[in-house]
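These are my notebook entries from reading through one structure, written down in the order in which I looked things up.

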Amino acid sequence: MQAEFLFFLSGGLLLGFISGANYMGNIFGTAVGTKMLSFRSAAIICSVFIIFGAVIGGGGTSATIGKLGMISTMSGAFVATVAAFAAIFIITRTGIPVSSTGAIVGGIIGWNLFTGRAVDFSVFTQIILSWIASPFISCIFAMVLMLAVRKFLHKVSVPILYQDTFVRIALILTGAFAAYSLGANNIGNIVGVFIPSLHITSPEFFGFLYLSPEGELFLLGGIAIAFGIFMYSHKVVNTIGRGIYELSPISAWVVVMAHSLVMFLFASQSLHSFLVSHGLPAIPLVPISSSEAVIGAVIGIALLKKGRGLQTRPLGRIAVGWLVCPVFAIVISYALMCLLSIKVEA
Amino acid sequence: MFSGKVVLFQRTRELNAKITEFLNNISESSLLFSQACNNYMENGINEDFNSLLNKVSVLEARNDQLRRNIEAQLYEHTLIPESRADVLQLLEGTDKIINLFESRLYQLSIEKIYIYDNLKPLYSELVESAIRAVEALVRSVRAFFTNPTEVNHHLHKVMFFEKQGDMNSTKLKRMIFDNENDELSHKIQLRMLCDDIDSIADISEDVADSLSIFAIKRDS
């Protein structure tokens with residue numbers, strides 16, 4: 001692998017690193033915050049399954065992100081990812097949670113504006129509609145799941161101590177599924193922009209394992225996320241999940257489950273092919289915001305209690321973050337391109 | 001797979017067994033308390049009374065040990081983090097009851113209170129309402145750990161027996177102070193014994209009130 005390639009890829013790896021903290025917070029924040037799982041166990045499960053999800057199922061959403069701007073040079077992809085990283089880094093410092101999906105889309109659009117290339121409007125619309133739909137879908141999933149769990153617990157009375165053990169097991173299994181789905185869905189944000197300009201050969205691991213060039217890219221992105229999880233997420237994990245609504249361990253599980261189902265819906269190539277082959281409307285393979293899915297699910301739980309205890313002020317800040325982050329990334333990306341005056345190949 | 005399952009639930013089973021033993025001890029000590037009080041009223045202080053008092057003391061010491069052990073286990077292994085504080089409050093509340101059984105029996109043993117024959121049936125009724133309140137409470141606490149929807153089926157009985165205890169206590173105090181031939185110091189001693197026995201049902205009611213809130217929290 002060339003040094004030049006690695007240098008340009010470092011933008012994506014930085015983005016992966018900073019996103020890792022948020023991903024861990026979204027998946028295991030409530031479980032670690034409610035002391036149902038230790039940080040170490042949660043970080044190991046999260047890292048391993050995000051890497052699996054990225055390498056095994058990352059193709060679909062990465063192709064969508066690649067199509068959005070069709071950034072044909074490594075340097076362009078570098079600028080888009082660095083702009084996304086900078087937008088996340090700066091906005092996170094103000095205490096407003098942001099979405100890596102919004103940031104990378106902003107970074108790509110900034111590049112498009114500078115180079116005068118048209119944004120693929122159909123892909124752009126697909127992404128925006130998915131962002132709007134995903135929190136609503138997550139909210140509905142959470143409400144249905146919570147009602148089902150409540151009904152189950154009323155019918156089958158599980159002693160409190162055994163219930164505690166079952167919830168821990170469920171949080172681990174669902175967290176692993178959530179990490180897999182998140183890896184598959186969001187790896188496109190981290191390294192998807194590099195795919196159109198990818199010209200590397202497939203290396204051989206341990207003499208028998210081969211990875212495609214994309215697979216290799218996804219593996220590196222997954223490892224960057226894992227580094228972010230271990231080195232950067234400790235603080236995020238302990239504060240997330242309590243800001244807008246107080247969750248019990250069972251409702252925390254429902255939130256993680258609803259979130260992972262939504263991430264899976266928008267990432268699964270098999271599900272996409274299945275729906276298409278049966279003539280059904282297919283769910284677009286789009287990287288959606290993990291934070292949006294989590295917040296949609298938390299609101300679903302709160303709505304079941306008629307919204308009692310729901311903190312609306314942080315919700316407003318979060319909504320502002322979702323809107324500001326892509327705009328900020330567009331500005332940074334455009335400014336970086338102007339500054340570096342990168343010549344884009346036609 | 002099987003050994004994994006065993007290890008996974010071993011800690012839960014151990015803790016469950018300790019909580020069951022803790023509650024069994026309270027239930028058993030309430031029966032011993034009733035026997036000891038009736039024995040005292042019939043025969044005063046004798047070998048049987050002392051033996052019953054010793055049994056209650058042994059159970060009280062064992063429950064203190066169990067309670068500390070359960071508390072340590074809950075915190076060391078971060079079990080039921082959401083309900084841990086409620087469970088500890090519940091165990092500490094119910095543990096007070098067994099302490100009351102022991103201290104009331106020591107009170108009889110030390111003060112050797114003379115009880116007039118006409119007051120004995122009312123004292124017996126007072127003891128009966130107190131231990132029935134405790135038994136209903138123990139059943140509700142067991143339900144909290146096993147099936148929270150059943151907690152309320154027993155809780156209302158605690159309130160019922162506490163009220164009955166209050167009525168018996170008032171009646172008893174009137175009879176004590178209506179006796180013109182007794183000295184005031186003895187009357188006060190009898191009134192204090194009456195209040196002390198009645199306080200067992202009062203404490204049970206306090207724990208029951210907290211328990212009803214814990215059950216609502218668990219159910220929501």
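How many of the 346 residues of chain A count as buried, as a percentage? I looked this up before anything else, and found that 55% of the 346 residues of chain A count as buried. I also note at the outset that this is a predicted model, so I checked the confidence next.

**Entry: confidence.** For chain A I found a mean pLDDT of 82, with 90% of its residues reaching 70 or more. The lowest confidence in chain A falls in strand β1 (residues 204–205), where the mean is 55, and the highest falls in helix α2 (residues 39–57), at 90. I keep in mind that where pLDDT is low, the predicted coordinates should not be read in detail.

**Entry: chain A as a whole.** I looked up the secondary structure and found 13 helices and 2 strands in chain A. Among the contacts in chain A with a separation of 6 or more, I noted that 87% are between residues 24 or more positions apart.

**Entry: helix α2 of chain A.** I wanted to know whether the length of this helix fits its residue count. At 1.5 Å a residue, the 19 residues of α2(A) should span 27 Å, and because the C-alpha atoms at its ends are 26 Å apart, the two values agree. I then looked up the buried residues of α2(A), which include A:Ala42, A:Ile45, A:Cys46, A:Phe49, A:Ile50 and A:Gly53. The buried residues of this helix pack against α1, α7 (160–191), α8 (213–232) and α11 (269–277) of chain A.

**Entry: the nonpolar cores.** The largest nonpolar core has 114 residues, and those with the most contacts inside it are A:Cys46, A:Ala87, A:Val255 and A:Ala297. Helix α1 (residues 3–33) of chain A gives the most to this core, with 14 residues. I followed A:Val255 further and, leaving out residues up to four places away in sequence, found that A:Val255 touches A:Thr30, A:Ala142, A:Leu247, A:Val294, A:Ala297, A:Val298 and A:Ile301. Apart from the largest core lies another core, of 61 residues, and among them are B:Val56, B:Ile70, B:Leu105 and B:Ile131.

**Entry: one residue at the end of a helix.** Is A:Leu340 buried or exposed? A:Leu340 is found in helix α13 (residues 312–340) of chain A, and I counted it as exposed because it has 11 C-beta neighbours inside 10 Å, where 12 or fewer is the cut-off for exposed. I also looked up its distance to A:Pro249, which is 91 residues away along the chain, and found their C-alpha atoms separated by 49 Å.

**Entry: chain B.** Chain B has 6 helices and 0 strands, and its C-alpha trace spans about 75 × 40 × 20 Å along its principal axes. Of the 220 residues of chain B, 37% count as buried. In chain B, residues 24 or more positions apart make up 81% of the contacts with a separation of 6 or more.

**Entry: where the chains meet.** Finally I looked at the contacts between the chains, where 15 residues of chain B are in contact with 13 residues of chain A. On the side of chain B that touches chain A, α1 (2–43) and α4 (120–146) of chain B each supply at least two residues, and α1(B) gives the most, with 5 residues. I noted that the residues on this side of chain B divide into 7 nonpolar, 7 polar and 1 charged.

Notes. Residues are numbered from 1 along each chain as its sequence is written. Chains are lettered from A and ligands numbered from 1 in the order in which they are written. This is a predicted model: local features need pLDDT of at least 70, side-chain atom pairs count only at pLDDT 80 or more; totals for chains, interfaces and linings use all residues. pLDDT is the predictor's confidence in each residue, from 0 to 100. Helices (H or I, at least four residues) and strands (E, at least two) are DSSP runs, numbered from the N terminus. Two residues are in contact if their C-beta atoms, placed from the backbone, lie within 7 Å. Ala, Val, Leu, Ile, Met, Phe, Trp, Tyr, Cys and Pro count as nonpolar, Asp, Glu, Lys and Arg as charged, and the others, Gly among them, as polar. A residue is buried if 20 or more other C-beta atoms lie within 10 Å of its own, exposed if 12 or fewer, and partly exposed in between; C-beta atoms are placed from the backbone. A nonpolar core is a set of buried Ala, Val, Leu, Ile, Met, Phe, Trp, Tyr and Cys residues joined through C-beta atoms within 7 Å. The expected span of a helix is 1.5 Å times one less than its number of residues.
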